[in-house]
Amino acid sequence: MSKDAVIKYCRDNEGLEIRDVFKFLYQSCFGCEHLISDPETVHDRIRDEMQYAESDDLPDIEMLDGDFCRVHLKAFNEDNGVETLTGMFLLSAQKQEDGMARLQDSLEELPELAYKGLIPFDKDDIQKAVTEWQDNGFSPVHHSVTFRERHHPAYRVVKKELLKDLHHRV
């Protein structure tokens, strides 16, 4: 984990909760591999979400730590964006063999960042939350209600390397 990436994420997203940091780290380590249960429905879900997504105040592209980023739906229009984002999302859905090791390493560093006041959480609260999440098998987490109400996130996690062709497709 890049400590700077986590510190920046916390600084840029005032009012986030520990679970939002967990989501950031999870997506940084695993990308979107856990979200593709039926590739045939991906296109329809993106299309539907584009139609009903509320405007958010997040950047069009949000860098995660590692090989992935969040591409927000507002960066696309419905005419050509559904196909483009579906393709990028499906190309990004590969198992990350080192994901769990990277996640655990990242989580070990969080209490120190809190202790030093570099992220807005209490060290003991983070340690407790990490233990609870570990006990639940590090299952994927959702954004906190606070984060969803404040930002209305609507995005897909894709590999950063796919961004180089993005401006030609949108």
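## Overall architecture

The protein contains 8 helices and 3 strands. The model described here is predicted. Along the sequence, these elements follow the pattern α-α-α-β-β-α-α-α-α-β-α. In this pattern, three helices precede a pair of strands, four further helices come next, and a strand and a helix close the order.

The protein has 170 residues, of which 44% count as buried. Contacts between residues at least 6 apart in sequence give a view of how the chain folds back on itself. Of these contacts, 78% join residues at least 24 apart.

## The sheet

The 3 strands form an open sheet, arranged in the order 1-2-3 with antiparallel pairing. Strand 1 (61-63) and strand 3 (155-159) lie at the edges, and each has a single partner strand, so one side of each is left without a neighbour in the sheet. From one strand to the next, the twist averages 30°. In general, the strands of a sheet pair through backbone hydrogen bonds, and the pairing is either parallel or antiparallel.

Strand 2 (residues 68-72) pairs with strand 3 in the antiparallel sense over 5 bridges. Within this pairing, Cys 69 stands opposite Val 158 in strand 3. Helix 2 (residues 18-30) packs on the sheet and touches strand 1, strand 2 and strand 3. The direction of helix 2 makes about 115° with that of strand 2.

## Helix 1 against helix 5

Helix 1 (residues 3-12) and helix 5 (residues 99-115) have axes that come within 11 Å and cross at roughly 60°. This angle makes helix 1 oblique to helix 5, because an angle counts as oblique when it falls outside the roughly parallel, roughly perpendicular and roughly antiparallel ranges. The crossing of these two helices is right-handed.

On the side of helix 1, the residues that meet helix 5 are Lys 3, Val 6 and Ile 7. Their counterparts in helix 5 are Glu 109, Leu 110, Glu 112 and Leu 113. By class, the residues of this contact divide into 4 nonpolar, no polar and 3 charged.

## Helix 5 against helix 6

Helix 5 also packs against helix 6, and their axes come within 8 Å and cross at roughly 160°. Angles over 145 degrees count as roughly antiparallel, and therefore helix 5 is roughly antiparallel to helix 6. The crossing of helix 5 and helix 6 is right-handed.

Helix 5 contributes Leu 103, Leu 107, Leu 110, Pro 111, Ala 114 and Tyr 115 to this contact. Helix 6 contributes Lys 123, Ile 126, Gln 127, Val 130 and Trp 133. The contact of helix 5 with helix 6 has 9 nonpolar, 1 polar and 1 charged residues. Leu 110 appears in the contact of helix 5 with helix 1 and also in the contact of helix 5 with helix 6.

## Lys 123

Lys 123 has its place in helix 6 (residues 123-135). Its relative accessible area is 33%, so Lys 123 is partly exposed, a class that lies between the buried limit of 20% and the exposed limit of 50%.

Leaving aside neighbours within four places in sequence, Lys 123 is in contact with Pro 111, Ala 114 and Tyr 115. These three residues are among those that helix 5 brings to its contact with helix 6. Lys 123 and Leu 110 are 13 residues apart in sequence, and their C-alpha atoms are 7.8 Å apart in space.

Methods
Residues are numbered from 1 along each chain as its sequence is written. This is a predicted model: local features need pLDDT of at least 70, side-chain atom pairs count only at pLDDT 80 or more; totals for chains, interfaces and linings use all residues. Side-chain values use heavy atoms; hydrogens and water are left out. Axes are lines fitted to C-alpha atoms, for helices over the stretch in contact, and angles run from 0 to 180 degrees between N-to-C directions. Angles under 35 degrees count as roughly parallel, over 145 as roughly antiparallel, 65 to 115 as roughly perpendicular and the rest as oblique. A crossing is left-handed if the near helix is turned anticlockwise from the far one by less than a right angle, and right-handed if clockwise. Contact means heavy atoms within 4.5 Å. Ala, Val, Leu, Ile, Met, Phe, Trp, Tyr, Cys and Pro count as nonpolar, Asp, Glu, Lys and Arg as charged, and the others, Gly among them, as polar. Two strands pair if DSSP finds at least two bridges between them. Buried means under 20% relative accessible area, exposed over 50%, partly exposed in between (1.4 Å probe, protein chains only).
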